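Happy to walk through this one with you. Let's ask how each label is earned.

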Amino acid sequence: MTAPARNVALFVTCLVDLFRPSVGFAAVKLVEDAGCRVSVPVQTCCGQPAYNAGDRADTRDLALQVMDAFEAYEYVVVPSGSCGGMIKKHYPELFAGEPDLARRADALAAKTYELVSFLTDVLGIERVDARFERAVTYHDSCSGLRELKIQEQPRKLLRTVAGLTIAEMPRSDVCCGFGGTFAVKYGEISNEIVERKTQDIAASGAPVLLAGDLGCLLNMAGKLSREGRTIEVRHVAEVLAGMTDAPPIGGTTAGAQR
Amino acid sequence: MTVHTTSPQFKQNAHEAIHDAPLQKALNNMRTGFIERRALAAAELPEFEALRDSARDIKKHTLQHLDLYLEAYEKKVIEAGGRVHFCRTPAEANAAVLSICKARGARTVTKGKSMISEEMGLNDVLLAEGINPIETDLGEYIIQLRGEIPSHIIAPAVHLNKEQVEADFRRVHTHLPRDRVLTEPTQLLTEARAVLRERFLAADVGITGANFLIAETGTSIIVTNEGNGDLTQTLPKVHIVLASLEKLVPTLEDVSQLLRVLARSATGQDMSVYTTLSTGPRRPGDVDGPEEYHVILLDNGRSAMVGGEFGDMLRCIRCGACMNHCPVYHAVGGHAYGWVYPGPMGAVLTPSLIGVDKAGHLPNASTFCGRCEAVCPVRIPLPKLMRHWREREFARHLTPAAFRSGLRLWAFFAKRPRLYRFATRIGMAGLGLIGKRRGRFKSLPLAGGWTNFRDMPAPQGPTFQARWAKEKRVR
């Protein structure tokens with residue numbers, strides 16, 4: 001007799017919902033292939049834009065909305081270290097000092113995982129069934145790396161993708177300059193940072209850039225295409241799920257950025 | 001406040017910094033040197049992470065009992081024959097320094113590196129009274145020649161290239177042969193050393209900063225790599241120590257732990273080249289040392305931070321690791337921050353000291369990448385503290401109006417999931433259609449901050465939630 005399937009709610013993140021649904025479907029496939037049952041509760045945003053703007057009231061409302069919608073599930077899985085970090089690290093801070101809400105926030109935090117770390121650290125997945133015959137370089141998005149300690153997990157699974165090789169860029173742990181609304185409020189500084197990042201990406205020699213956060217990916221893809229570089233940009237979940245038919249981020253046909 | 005601030009013009013400062021080619025050349029070196037050396041030093045010491053915990057706890061404990069340690073410290077300084085001057089404001093601190101200098105009829109004052117001196121704007125105050133302050137730290141000496149303030153708390157001239165320093169030396173050291181060669185850093189160093197050597201001997205008063213003040217013994221400690229601090233404090237008849245309240249540490253044992261993380265975090269050295277302990281003036285029988293020993297203990301708003309939302313910031317031991325690792329600092333340099341303290345630690349401290357109304361940009365100009373917190377030797381949660389400033393700005397309506405309106409509109413939809421799902425389904429399907437051919441937008445209304453610099457990738461079309469709802473019906 002097999003164990004009952006784990007009941008997973010997908011927090012798809014607002015950026016994936018709006019800009020790149022294919023990442024959401026890739027996440028669903030990866031989690032289902034690992035033997036879980038996936039639900040998608042009605043959702044909007046984790047509240048991070050308000051939180052980082054200093055707007056505590058709206059952040060609270062949105063966090064409560066997420067808690068109401070997601071706390072009934074066994075696990076909450078998020079294809080983003082940033083939004084995952086918001087739920088896992090910052091919701092408990094947000095409600096510290098309010099015992100009833102803090103308990104709920106802690107409980108939700110404890111069962112919330114970034115997608116790749118859920119696959120490796122929780123489910124113990126060692127390999128994926130996918131093929132991608134390209135060299136890729138991987139950018140460590142800041143929140144996933146420093147708040148959730150995600151660094152080796154995506155690389156470990158990527159190495160099991162048939163045909164794929166990893167060509168590390170220098171300084172893969174340095175911020176791409178996105179920073180949410182920072183990219184718009186301080187566009188010129190953000191640009192200075194992403195310019196250095198695209199140089200490092202190009203220095204890897206890989207024709208494909210992967211990362212685990214769509215915000216960073218939109219920023220880097222936008223800069224790469226503005227610079228006329230033909231590097232294909234994708235969310236790591238797309239490659240791990242073997243779902244690379246959709247055009248890359250900012251591109252029109254698979255395999256070509258421009 | 002005696003020091004002028006350009007923090008309100010942070011964006012303009014940043015713009016100019018980004019287009020300053022020599023500055024960008026100097027900043028580019030920062031992306032490697034400090035960072036690699038710190039990583040190596042940390043990796044070589046198995047107990048480094050445990051030492052960081054210990055360093056945090058020592059500073060935390062001291063701040064919780066600051067009143068006790070301040071009193072104990074003063075008592076010990078007096079016992080050793082020195083004096084502590086408690087100063088609430090930079091103006092009081094400047095007045096205390098001036099009165100000590102005047103009592104001695106001082107004409108020349110040598111100075112070791114001190115950020116508190118920068119906070120006080122001391123050099124201008126001394127000059128106005130006909131007293132000549134001479135910076136003896138090489139970096140400080142260079143920027144004094146240029147009429148600048150430090151751009152980094154441990155490497156004040158890190159924004160300069162050696163060609164610029166050569167030009168300054170040739171401009172100022174006109175008594176030296178014109179045909180001398182000054183192309184290598186060692187040649188510049190040798191020249192500065194020779195010029196400064198004469199000044200050390202002429203000084204009436206020596207002023208240094210302090211890395212730590214020890215309550216147990218009444219000792220002040222400086223760490224330097226040039227030895228200039230030692231000459232500054234031992235040759236003149238009077239030694240004045242400039243320090244702020246949070247430099248207090250209970251015991252010598254505590255300091256030895258903090259020293260083990262300080263240099264490793266700052267420059268990747270195991271220890272700085274010179275660690276100098278001073279306790280009071282020269283005692284009978286001592287072969288050297290000053291006749292008078294004064295400590296100027298500046299508050300400048302710090303006591304109000306103790307126990308408050310920004311109290312953690314007082315743990316800072318001024319290693320500079322946060323700015324060494326900051327992508328924003330790497331992009332704009334230290335001067336753009338517009339006041340004494342740059343980088344992440346400045347983004348938290350400056351609003352506390354000069355007001356968030358003036359320094360409001362600084363805590364906002366961060367991507368919250370978290371690298372500063374990851375390397376801070378005393379584990380100050382810098383992004384969290386910057387966020388607390390943003391919360392104060394939001395509450396006080398200091399956040400720009402357009403941004404507030406945008407946020408309010410977004411929050412209105414985000415808090416109504418069904419309306420949001422409906423609106424985004426239509427909006428994204430439309431945007432997806434418009435962007436389908438090229439896959440990206442070169443410009444978008446209201447998104448100039450983004451599209452001035454990079455393309456906006458087009459959405460795929462219908463939202464995930466719209467497609468999921470449809471697919472579920474099929475399943």
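Q: How do you know how far residues in chain B's contacts lie apart in sequence?
A: Two residues are in contact if their C-beta atoms, placed from the backbone, lie within 7 Å. In chain B, 74% of the contacts with a separation of 6 or more come from residues 24 or more positions apart. A word on the source: this is a predicted model, where local features need pLDDT of at least 70 and side-chain atom pairs count only at pLDDT 80 or more, while totals for chains, interfaces and linings use all residues. Residues are numbered from 1 along each chain as its sequence is written, and chains are lettered from A and ligands numbered from 1 in the order in which they are written.

Q: What makes a residue of chain B count as buried, and what percentage does so?
A: A buried residue has 20 or more other C-beta atoms within 10 Å of its own C-beta, again placed from the backbone. By that test, 49% of the 475 residues of chain B are buried.

Q: Why is a set of residues called a nonpolar core?
A: The name applies because its members are buried Ala, Val, Leu, Ile, Met, Phe, Trp, Tyr and Cys residues joined through C-beta atoms within 7 Å. The largest one here has 214 residues, and A:A27 and B:L258 are among those with the most contacts inside it. Beyond neighbours within four places in sequence, A:A27 is in contact with residues including A:L10, A:V77 and A:A237.

Q: Why do β5 and β7 of chain A count as paired?
A: Pairing needs at least two bridges found by DSSP; these parallel strands (E runs of at least two residues) are joined by 3 bridges, so they pair. One of the bridge partners is A:V208, opposite A:V136.

Terms used:
A residue is buried if 20 or more other C-beta atoms lie within 10 Å of its own, exposed if 12 or fewer, and partly exposed in between; C-beta atoms are placed from the backbone. Helices (H or I, at least four residues) and strands (E, at least two) are DSSP runs, numbered from the N terminus.
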